[in-house]
Amino acid sequence: MGLSRWNIIIMALCTGLIVANIYYSQPLTVLISQEFRVSESNAGQVTFFTQVGYALGLLFCVPLGDKLERKKQIIGMTLAAAISLVGAALAKNMAMLKFTGLLIGFTSVVPQLILPMAAHLSDPASRGRVIGTIMSGLLVGILLSRTLSGVVGHHLGWRAMFWIAAGISGLLAGIMTVSFPSSKPNFQGSYSDLMGSLITLIKEQPMLREASAINACCFAMFGMFWTTVVFLLSDAPFHYTSEQIGLMGLAAAAGALGAPLIGRVADKKNPRIAIGYGIIFLFAGYILFYFFRANIIGIIVGIIAIDLGLQGIHVSNQTRIYTMMPEARNRLNTVFMTASFIGTSLGSGIGLWVWSVDQWTGVCIAGLALITMALVIYLSTYKKPVAA
């Protein structure tokens with residue numbers, strides 16, 4: 001059993017382009033608020049609803065990868081995402097845009113179906129490297145989506161971005177049909193049994209609880225930053241356009257190339273080492289954000305720092321959980337990623353609130369508090385006899 005280099009590249013490409021769907025709205029917040037004549041915080045709720053939809057999709061759709069044939073499920077979900085994106089492009093009011101955002105998030109969980117498939121089909125000795133490579137695609141997609149969205153929004157309007165994304169998703173469904181391998185499901189019970197087993201996994205797997213809790217805190221920090229940095233950069237002293245704000249994604253994408261290296265470390269050493277270093281990078285990034293809030297160089301360096309930190313934490317945690325129970329990888333990934341994106345959506349919501357209360361200072365303090373929570377969990381579980 002194994003994946004060819006071509007399979008891995010295609011999976012990384014599809015993962016990045018589909019996960020981008022849930023981030024396109026962030027640089028468009030100001031443009032959306034202007035068209036519908038609502039506050040920027042109100043327009044920012046599109047991002048919040050999209051992330052909530054993603055968390056719901058993770059919870060209710062990803063477990064089915066252990067029961068259904070993964071290739072067919074992946075293609076079906078990708079086509080549903082294309083339809084949801086068309087709905088957003090045609091939205092007539094904020095309520096419709098928020099609802100379609102929820103659907104976009106719900107149907108764009110495909111990357112979390114691809115990753116367990118890749119883990120299942122890859123050789124155990126190279127699993128961390130394969131996951132790291134595909135994670136590079138995912139992270140580049142997350143980060144460059146903001147750049148693409150900012151440029152398209154500035155020149156063609158925010159609706160054009162959703163039309164383009166719908167076309168990309170439709171094209172990817174065709175590519176997947178031709179290139180993705182098939183994989184047989186392992187779970188033979190009912191859907192209710194499948195969902196019930198999630199509770200059992202949470203109760204019986206301490207490493208899963210630990211990894212999920214750390215990721216939730218770190219993803220909350222990440223979601224809060226990217227939701228609110230739009231407001232920081234569009235105001236004095238920067239006054240950046242959506243195109244310029246989107247270019248910030250290039251800084252973070254540069255760090256995404258480190259994911260395969262982190263994966264190799266996870267293959268050879270204890271992945272917890274990378275998690276510890278990742279938390280240090282997160283602290284460094286937010287300290288830079290606090291002291292260099294009016295300096296774009298300081299902000300860019302901070303973006304690179306938190307991106308590298310999040311990669312170290314996420315890739316290492318994901319590699320750890322994929323070593324636990326091969327027959328339950330989709331369900332393990334469901335718990336892990338649902339916790340992560342509940343963190344993201346809560347982080348976005350918290351970010352919108354603290355921005356309204358104390359703007360960037362509030363964001364930085366809240367971000368440091370979330371990172372501290374991750375550190376406490378990491379240290380309190382470090383000496384426990386948990387296999388890595």
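**Aromatic pairs and one arginine**

Counting rings whose centres lie within 6.5 Å of each other, we arrive at 14 aromatic pairs, and I should say at the outset that this is a predicted model.

Let me take two of those pairs in turn. In the pair made by F36 and W158, the ring centres are 5.9 Å apart and the planes meet at 55 degrees, so we call the pair tilted. F36 belongs to helix α2, residues 29–36, while W158 belongs to helix α8, residues 158–179, so this pair ties together parts of the chain that are 122 residues apart in sequence. Both F36 and W158 are buried.

The pair of F225 and W360 has its ring centres 6.0 Å apart with the planes at 65 degrees, and because edge-to-face begins over 60 degrees, that is the class it falls in. Here F225 sits in helix α10 and W360 in helix α16, residues 329–381, so parts that are 135 residues apart in sequence are tied together. F225 counts as buried at 0% relative accessibility, and W360 is buried too, with a relative accessible area of 4%. These two residues also belong to one aromatic cluster, together with F222, W226, Y286 and F289.

A charge over a ring appears as well: R293 lies over the face of Y290, at 4.8 Å from the ring centre.

Finally, what does R209 touch, once its neighbours within four places in sequence are left aside? R209, which is found in helix α10, residues 206–234, is in contact with I202, K203 and E204. Its C-alpha atom is separated by 8.6 Å from that of V335, 126 residues apart along the chain, and at 41% relative accessibility R209 counts as partly exposed.

Conventions:
Residues are numbered from 1 along each chain as its sequence is written. This is a predicted model: local features need pLDDT of at least 70, side-chain atom pairs count only at pLDDT 80 or more; totals for chains, interfaces and linings use all residues. Side-chain values use heavy atoms; hydrogens and water are left out. Helices (H or I, at least four residues) and strands (E, at least two) are DSSP runs, numbered from the N terminus. Buried means under 20% relative accessible area, exposed over 50%, partly exposed in between (1.4 Å probe, protein chains only). Contact means heavy atoms within 4.5 Å. Rings of Phe, Tyr and Trp (its six-membered ring) pair if their centres lie within 6.5 Å; planes under 30 degrees apart count as stacked, over 60 as edge-to-face and the rest as tilted. A charge sits over a ring if NZ of Lys or CZ of Arg is within 6 Å of the ring centre and within 35 degrees of the ring normal.
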